[in-house]
Structures are given as structure tokens and as C-alpha cells.
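Here is a short tour of one protein model, written for someone who likes to know the cut-offs behind each statement. Please keep the viewer open as you read.

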Amino acid sequence: MKNNPVVPYILILAFGIGLIFFLSLTGSENKKEIAAEKEGGGEKTEATDDGAALVQSCISCHGADLSGAFGPNLHGKDEARIVEVLTKGIPGTPMEPNMKNEAEAKAIAKYISTLK
């Protein structure tokens with residue numbers, strides 16, 4: 001009996017279809033998370049209320065302990081001013097308007113006010 005040259009192609013096709021099916025199942029589990037990211041929502045769970053987690057985006061300019069680096073020392077700053085800067089920005093600086101939404105800005109300000 002001669003080997004059929006089509007058999008390897010059929011096996012590759014079957015393997016490819018199985019792989020596509022497996023990957024589609026994996027993606028369907030994350031459908032809500034993917035949709036939220038596309039809408040610009042990202043994660044809006046516990047991290048939204050956790051200023052310590054949100055402040056991670058500040059350390060690149062203000063230092064690991066927020067005591068100043070490229071940006072100024074944030075210790076002792078007024079909560080209302082922090083919220084204003086995070087939402088409205090400071091012209092001529094890297095602090096652009098709408099860096100954080102109101103809830104995130106308040107959580108960050110509350111966390112920074114606890115620093116000594």
C-alpha cells in the first residue's frame with residue numbers, strides 16, 4: 001500500500017482547527033475584561049479605592065516614597081490640591097489634565113495625606 005500524500009495535510013488541518021477552538025474558548029472566558037479595556041474602563045475593582053496601588057503611576061516622577069525626585073515632594077500636600085492637579089493638571093508640566101478620574105484622584109489624595 002502506498003502512502004497517501006494528503007494525510008499529513010489533513011492532520012495539520014485538524015490540529016489547526018483544534019488549536020483555534022481551544023484559543024477561542026480561552027478568549028471567551030475573558031470577554032468582559034477585554035470589553036472593559038476596549039471601552040477605556042480597565043480594572044475598576046478594589047484597585048480603584050486603593051490609593052496605595054494607584055500611586056504607583058506617580059513614583060516615576062515623585063520618587064518611590066513620594067518625597068520628591070523629578071517632581072516635587074508630595075508629603076504634607078493638601079488633599080484638595082492633589083485632586084485638582086490630578087484632574088485638571090498643571091500647564092507647562094508633565095501633569096496633564098484628566099490624568100485620573102475624580103474617584104481615583106480622591107483615593108490617591110487620601111493615601112498621600114497619610115504619608116509623613
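The report below goes from the overall fold to the core, the pocket and the cysteines.

## Ground rules and fold

This is a predicted model, in which local features need pLDDT of at least 70 and side-chain atom pairs count only at pLDDT 80 or more, while totals for chains, interfaces and linings use all residues. Residues are numbered from 1 along each chain as its sequence is written, and side-chain values use heavy atoms, with hydrogens and water left out.

The protein has seven helices and zero strands, where helices (H or I, at least four residues) and strands (E, at least two) are DSSP runs numbered from the N terminus. Along the sequence this reads as α-α-α-α-α-α-α. Of its 116 residues, 22% count as buried; buried means under 20% relative accessible area, exposed over 50%, and partly exposed in between, with a 1.4 Å probe and protein chains only. Take the contacts (heavy atoms within 4.5 Å) between residues at least 6 apart in sequence: 41% of them join residues at least 24 apart.

## The core and the α6/α7 packing

A nonpolar core is a set of buried Ala, Val, Leu, Ile, Met, Phe, Trp, Tyr and Cys residues joined through side-chain atoms within 4.5 Å. The largest one here has 16 residues, and those with the most contacts inside it are Val-55, Leu-66, Ile-82, Leu-86, Ile-108 and Ile-112. Both α6 and α7 give two or more residues to this core, and α7 supplies the largest share, five residues. Leaving aside residues up to four places away in sequence, Val-55 touches Leu-66, Ile-108, Tyr-111 and Ile-112.

Within α6, the residues Ile-82, Val-83, Val-85, Leu-86 and Thr-87 are buried, and the buried residues of this helix pack against α7. A good place to see α7 is Ala-105, which belongs to that helix and is buried at 0% relative accessibility. Its C-alpha atom is 5.0 Å from that of Val-83, although the two residues are 22 apart along the chain. With residues up to four places away in sequence not counted, Ala-105 touches Val-83, Leu-86, Thr-87 and Lys-100. Just after α6, Gly-89 takes a positive phi of about 80°.

## The largest pocket

How much space lies in the largest pocket? The answer is about 480 Å³. Of its 22 lining residues, His-62, Pro-72, Leu-74, Val-85 and Met-95 are the closest to the centre. The elements that give two or more residues to the lining are α5 (59-62), α6 (79-88) and α7 (102-113), with α6 giving the most, four residues. By class, the lining has 14 nonpolar, five polar and three charged residues.

On a 1 Å grid over the protein atoms alone, a pocket is an open set of points where a 1.4 Å probe fits, with protein on both sides within 12 Å along at least five of seven lines; lining residues have an atom within 4 Å of a point. Grid points are joined across faces, edges and corners, and the volume is the space filled by probe spheres set on them. Ala, Val, Leu, Ile, Met, Phe, Trp, Tyr, Cys and Pro count as nonpolar, Asp, Glu, Lys and Arg as charged, and the others, Gly among them, as polar.

## The cysteines

Why does the structure hold zero disulfides? A disulfide is a pair of cysteine sulfur atoms within 2.5 Å, and the sulfur atoms below are too far from their closest partners for a bond.

| Cysteine | Closest cysteine sulfur | Relative accessible area |
|---|---|---|
| Cys-58 | Cys-61, 8.6 Å | 12%, buried |
| Cys-61 | Cys-58, 8.6 Å | 25%, partly exposed |
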